[in-house]
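Trainee: I'm new to reading protein structures. Could you walk me through some features, one by one?

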Amino acid sequence: MNRDSATERSAGKTLAAWRARLDRVNSHEQFMTAWLDLQSHGVNAVITYAAQPDPSDAAHFRGVFLQGNLGQRRLAYSEKSPQADALRLRYREHVARMFELAGTPKARAAQGAEAVLRLESTLASASLPYFDQFDPKTGEHPVTPAELSVLAPHVDWTRFLKMAGQRPDRMLNVASSDYLRSVDALIANTPVADLRAFLTWQFMNTFPTALPDRLAREEQGFASRGLKASPRFAQCRLETMKNLGLELSRQFSLRYVGSKTRSAAKEIAAHVQDEVVKSTTAFTWLTPAARAATEQKVRLLDLKVAYPDNWPETGSFPLSRHAFLDNVFAAQEYEQHREWKRVNEERRHDSWEATVYPNEAAGMAAARLVIPNGFPDQTTNSIILTAASLRPPQFDAEAPAEVRYGTFGFLVGHELGHIIENHDYDAFGRPVDAWSPEDVRMYDQQRACVVKQANEYVAFDDVHLDGDKTEGENFGDLSGVYHAYLAMARELGAHISDKGDDGLTPSQRFFIAYAQQWCSVEGPDSMRESIRDDGHAPARYRTNAPLSNMPAFAHAFSCPSGSPMVRPESTRCSLWGLAFPAR
């Protein structure tokens, strides 16, 4: 939390040492050496090497080459609009300012910023949408280590693979062959001075919060886009999660959640899962084979609730009270080598080591348990429901059952909705499509109503939601609240309409608890960015849209026909042909 003079001196010394090291790069061979060294320390410039479940061998991981990190989102480099032009200008000015604050003369800093924007634009134009890298339909290109030299002959693959521990006799995957070819052309044809500037920027942009205060404040100012920068404690929490996330998750889980709360949550999760299993058997529009496969997948799915019984190794590396940047550097180096080591290890289906991609920070699931969320893992047919999801207001073991179902039960149902929709993997985590082309065609008909409703929603001014882009999450919301309500109604039976001392029925408390979890404040700029980039709808839509499709909501609050929250039957979306409960 504290930025004292010792911390500043340490960060300045480490930054100066790396800048001097990179400033000595005067040839492509020296670039390759410096690039490999940065890769070893967790700086994924140009490409990222990671472990991935092997679709041809369920018991092992394999190595995969993914796209490297960019300073901005992929489409920001190519969008055509005055706002996009202004953002690129601000970004270039920000990079130049960071170079200057690190000690680069102003003219050279401007040249370096131009080079960074140019190289990142080239990489962005060759990049796949992020999650397409993990889609078997677009990101599956198995190669031998020797074949990498054909795709990208200007990369020293021998040194890279030896450093990463990739065995020469094992296949690995390239998410995008075209991207790798573009990387090779970039390395071969870019002047060394530009490559040197790019590496320097990648170093600073990987550890911005841990840099000397003058650089960290510049980064925060740019990232906040004119709004108030996040407070220091929030930055510290994020850095702790990113760099000591496994130990942070373990301490948080065991101290602040514990086995009693986990057991109560598991009971809720199991009841919701039972309701989803029952629902899948009623999807009569699916062929019998597809319906049976979907039911089996949900029935056999492993719900991993709160935290693992057997934790992965935390690791050991030096930490100092007055060396924030060195601490981050050491932690990232350890995590990078942990990731590389997994390539040669056995893969266990009960492991919590799947890589997850929350907005805050991608990383190992067992090291992201302080984020309230659910993480489906198709390759193990499991869902990880994090420890932070079991803290009030998301989950309170002492709250009435209907409140627990309206919050945590909804989360379980939402994530199971994703499992139902993704038919590319079977019940055992194998990449086997359980649906025929006819099943997919019928699915498109079933989802049309959810897409249409979202397309009609006006977020603000004349900005509409994109129904196709948000369909998966919108269906998840509809599935989540539907199945959580059914599980709650089954548990409470006739008592669902009994009024309590607060004057509310369990049914009403369920819907209030569901709605309260979306409480948030968002300005137009943030919402515009979210609608453009995010597959989730705004909070207001996620609150009102699912409930307006549920007759049980209208019944619970005695909403008359024609009310904004009561959709006419002709425009009401069902859950893939299932009838919603009326009360």
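Trainee: Let's start with Asp 178: is Asp 178 buried or exposed?

Mentor: Asp 178 is exposed, at 52% relative accessible area. The cut-offs, found with a 1.4 Å probe and the protein chains only, are under 20% for buried, over 50% for exposed, and partly exposed in between. Before we go on, this is a predicted model, where local features need pLDDT of at least 70 and side-chain atom pairs need 80 or more, while totals for chains, interfaces and linings use all residues. Residues are numbered from 1 along each chain as its sequence is written, and side-chain values use heavy atoms, with hydrogens and water left out.

Trainee: Which residue forms a salt bridge with Asp 178?

Mentor: General idea up front: side chains of opposite charge can pair when their charged atoms come close. To count as a salt bridge, a side-chain nitrogen of Lys or Arg must be within 4 Å of a carboxyl oxygen of Asp or Glu. Here the partner is Arg 181, with the closest N and O atoms 2.9 Å apart. The two sit three residues apart in helix H7 (residues 177-189), about one turn of the helix. Arg 181 is partly exposed, at 43% relative accessibility. By the way, helices (H or I, at least four residues) and strands (E, at least two) are DSSP runs, numbered from the N terminus.

Trainee: How many salt bridges are there in the whole structure?

Mentor: A full search turns up 33 salt bridges. Take Asp 194 and Arg 118, whose closest N and O atoms are 2.9 Å apart. Asp 194 is in helix H8 (residues 192-206) and Arg 118 is in helix H4 (residues 106-126), so their pairing ties together parts 76 residues apart in sequence. Asp 194 is buried at 16%, whereas Arg 118 is partly exposed at 44% relative accessibility.

Trainee: And where do Glu 339 and Arg 342 lie?

Mentor: They are in helix H13 (residues 324-342), three residues apart, which is about one turn of the helix. Their salt bridge has its closest N and O atoms 3.4 Å apart. Glu 339 is buried at 16% relative accessibility, and Arg 342 is buried at 4%. Salt bridges can also share partners: Arg 3, Glu 8, Asp 213 and Arg 217 are joined into one network that way.

Trainee: What about Arg 404: is it buried or exposed?

Mentor: Arg 404, in helix H14, is buried and has no salt bridge. The nearest side chain of opposite charge is Glu 491, 5.2 Å away. For charge, Lys and Arg count as positive and Asp and Glu as negative, with His and the chain ends left out. A polar atom of the Arg 404 side chain does lie 3.0 Å from the backbone oxygen of Ala 399.

Trainee: Now for empty space. How many cavities of 30 Å³ or more are counted?

Mentor: Rolling a probe the size of a water molecule over the atoms shows where empty space is left. A cavity is a set of points, on a 1 Å grid over the protein atoms alone, where a 1.4 Å probe fits but cannot get out, and lining residues have an atom within 4 Å of a point. Points are joined across faces, edges and corners, and the volume is the space filled by probe spheres set on them. This model has four cavities of that size. The largest holds about 90 Å³, and its lining includes Val 450, Tyr 541 and Cys 573. Helices H15 (437-456), H16 (467-492) and H19 (539-548) each give two or more residues to that lining.

Trainee: What is the second largest cavity like, and which residues line it?

Mentor: The second largest cavity has about 60 Å³ of space. Among its lining residues are Lys 297, His 423 and Trp 435. H12 gives the largest share of the lining, three residues.

Trainee: Last topic, the backbone. Which residues does a cis peptide bond join?

Mentor: Pro 392 and Pro 393, with omega about 5°. Pro 393 is in the loop between strand E9 (382-386) and H14. Look at phi too: Ala 306 has a positive phi of about 80° although it is not a glycine. Ala 306 is in strand E5 (residues 302-306) and is buried at 0%. Ser 558, also not a glycine, has a positive phi of about 55°. Ser 558 is in the segment after helix H20 (551-556) and is exposed, at 62% relative accessibility.

Technical notes. On a 1 Å grid over the protein atoms alone, a cavity is a set of points where a 1.4 Å probe fits but cannot get out, and a pocket is an open set with protein on both sides within 12 Å along at least five of seven lines; lining residues have an atom within 4 Å of a point. A polar contact is a pair of N or O atoms within 3.5 Å; within protein, one must be able to donate a hydrogen and the other to accept it, and residues adjacent in sequence count only if both atoms are side-chain atoms.
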